[in-house]
Amino acid sequence: MKHAACQIDKAYTIADIDPKLYGSFIEHLGRAVYSGIYEPTHSRADEQGFRQDVLELVRELSVPIVRYPGGNFVSGYRWTDGIGPVDARPKRLDYAWLSVEPNQIGIDEFVDWCKKANTQVMAAVNLGTGTPQDAGYMMEYCNHPAGTYWSDLRRKNGHKEPHAIKTWCLGNEMDGPWQTGALSAAAYGEKAREAAKIMKWIDPSVELVCCGSSSPLLDSYPEWDRIVLEHTYEQVDYISMHRYYENEGSVENFLTSYIDMDEFIKTVAATADYVKAKTRSKKTMKISFDEWNVWYIQKQVRFPWMEAPPILEDQYSLLDALVFGGMLCTLLNNADRVKMACLAQLVNVIAPIFTEKGGRVLKQAIYYPFQQVSTYGRGKSLKTLTKADCINTPDRGMVPAMQIAASYNEQDDSISVFVLNCEMKEDTEFTLDLRSFGKVEMIEHSILAGPDLFAKNTFENSQAVVPKNEIPVVGTTVFQIVLPKLSWHVFRFIVIK
């Protein structure tokens, strides 16, 4: 049996956890909107056509913010196509995903949906084919109270009160050659700066996210981030990051994707700090990791010029859920810099929630670790001092077989510990030392594991990959637990007064 130990000290905090770390994403892509969140002919549709079965699962995830409407889609999107009488809205070709967009849902309806989902909107403006002035008009429509053309048009369209959207993305992945209207770093930086000025003149309370590197694999990384921030440092509040992972043949490499994710975060943070020093700024740039997930990019198939085509509908396995849990730990362990993140995406498109058109809704394997960390990973992120055996990976060499994150919530004196065990051959005897908290009681131990790494939830077998509750281990300060090989764990404790 392998051995590992982790000590967590109450005094060694990383940062307060911003709830926006558990955001998500709805793009006008595939079936994310149409037959995802919106299907007016469905038996569970509400008066606006939103699927209530989907809303129920979204609320269970405790998602605090949802990015909309893209994504690649936004770089060719005219936001005005999605307002006003629905029967008068135009159909358009969407260049990003080679689809037809019917514009039955727009910003007004999405704001309504977010209220029903108990979440906030993270709106994105078009800085591909769009202009800084267009971004200002959208801001005015959404956030200005009344008395101008755009604000009065919102009122005419049925929303008397401002939408009061407080978080905005200045475009999407403008470094990518696949992007409609892609720009050089300098050109984007200048355009984003001018859009930011207009938007903050209209509503000084908003927070803005500029486009950072959409992948560390691009030749422009991390120079892109430096140049963009040198143009926008004082106008924006976050720089974005995007990163996806897929199993390319090595389970060991895939399991340890969280290491690449951690290195990406630290490089962007270091680049931002260089610009802070160069510009003599007094603020520290926050990071918005507003696209991340497991995504089998190499397997995607397109269906050109269809409405709501079934694209990017990855079906997630137990292995995917393990990898996913490791990435969640990385976000928590970087909570001092990553203040916002968006799981991409939320429904149908590389998503934890999957629907049948006209039918059922399903929790995918990745739904469970996201729900667990979003629910219990609140309060303060704590440093974890871990000693573990290593596994050998083709690309990263010898890597510790444990990825661990922890949080302490002072409101209810609860401790949550999240553990990914990457050991592939043997179970692990795990020692967890919480003595700095005084006496504690384990109240829950949830485990996600199984004999088939490639098991997936389906409508025929929706319980193939679900967490199991173990009997909590008895102890007061130090706990000895056996962790099965290749497993994800959530431990919850309360401090005994």
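Student: Where is Trp305 found?

Tutor: Trp305 sits in the loop between β10 (286-294) and β11 (306-307). Keep in mind that this is a predicted model.

Student: Is Trp305 buried or exposed?

Tutor: Between the two: its relative accessibility is 41%, so Trp305 counts as partly exposed. Together with Leu93 and Tyr95, Trp305 makes a nonpolar surface patch of about 360 Å².

Student: Let's turn to the sheet. In what order do the 9 strands run?

Tutor: Read across, the order is β22-β21-β24-β19-β18-β15-β1-β20-β23, an open sheet with mixed pairing.

Student: Which strands stand at the edges?

Tutor: Those are β22 (468-470) and β23 (478-483); each has a single partner strand, so one side of each lacks a neighbour in the sheet. On average, and ignoring direction, neighbouring strands of this sheet are turned by 25° against each other.

Student: How do β1 and β15 pair?

Tutor: Strand β1 (residues 2-16) and strand β15 (residues 380-388) are antiparallel, with 8 bridges between them. To find your place in that pairing, look at Ile8, whose bridge partner in β15 is Thr384.

Student: Which helix lies across β1 and β15?

Tutor: That's α9 (residues 318-333), which also lies across β18 (402-409), β19 (414-421), β21 (440-448) and β24 (487-495). Helix α9 runs at about 55° to β18.

Student: Now the charges. How many salt bridges does a search of the whole structure find?

Tutor: The general idea is that side chains of opposite charge can pair when their charged atoms come close. Here the search finds 28 salt bridges. One of them joins Lys20 and Asp18, with the closest N and O atoms 3.2 Å apart. Asp18 has a relative accessible area of 21%, so Asp18 is partly exposed.

Student: What does Lys200 form a salt bridge with?

Tutor: With Asp237, at 3.0 Å between the closest N and O atoms. This pair links distant parts of the chain, 37 residues apart: Lys200 is in helix α5 (residues 185-202), and Asp237 is in the loop between α6 (223-232) and β9 (238-245). Lys200 is partly exposed at 22% relative accessible area, whereas Asp237 is buried at 18%. The cut-off for buried is under 20%.

Student: And which parts does the pair of Lys278 and Glu230 tie together?

Tutor: Their side chains meet in a salt bridge, 3.0 Å from N to O. Lys278 lies in helix α8 (residues 257-279) and Glu230 in helix α6, so the pair ties together parts 48 residues apart in sequence. Salt bridges with shared partners also join Glu223, Arg226, Glu230 and Lys278 into one network.

Conventions
Residues are numbered from 1 along each chain as its sequence is written. This is a predicted model: local features need pLDDT of at least 70, side-chain atom pairs count only at pLDDT 80 or more; totals for chains, interfaces and linings use all residues. Side-chain values use heavy atoms; hydrogens and water are left out. Patches are made of residues with over 30% relative accessible area and no salt bridge: like charges are joined within 9 Å, nonpolar side chains (Val, Leu, Ile, Met, Phe, Trp, Tyr) within 5 Å. Accessible areas come from the Shrake-Rupley method with a 1.4 Å probe; for residues, only the protein chains shown count as cover. A salt bridge is a side-chain nitrogen of Lys or Arg within 4 Å of a carboxyl oxygen of Asp or Glu. Helices (H or I, at least four residues) and strands (E, at least two) are DSSP runs, numbered from the N terminus. Buried means under 20% relative accessible area, exposed over 50%, partly exposed in between (1.4 Å probe, protein chains only). Two strands pair if DSSP finds at least two bridges between them. Axes are lines fitted to C-alpha atoms, for helices over the stretch in contact, and angles run from 0 to 180 degrees between N-to-C directions. Contact means heavy atoms within 4.5 Å.
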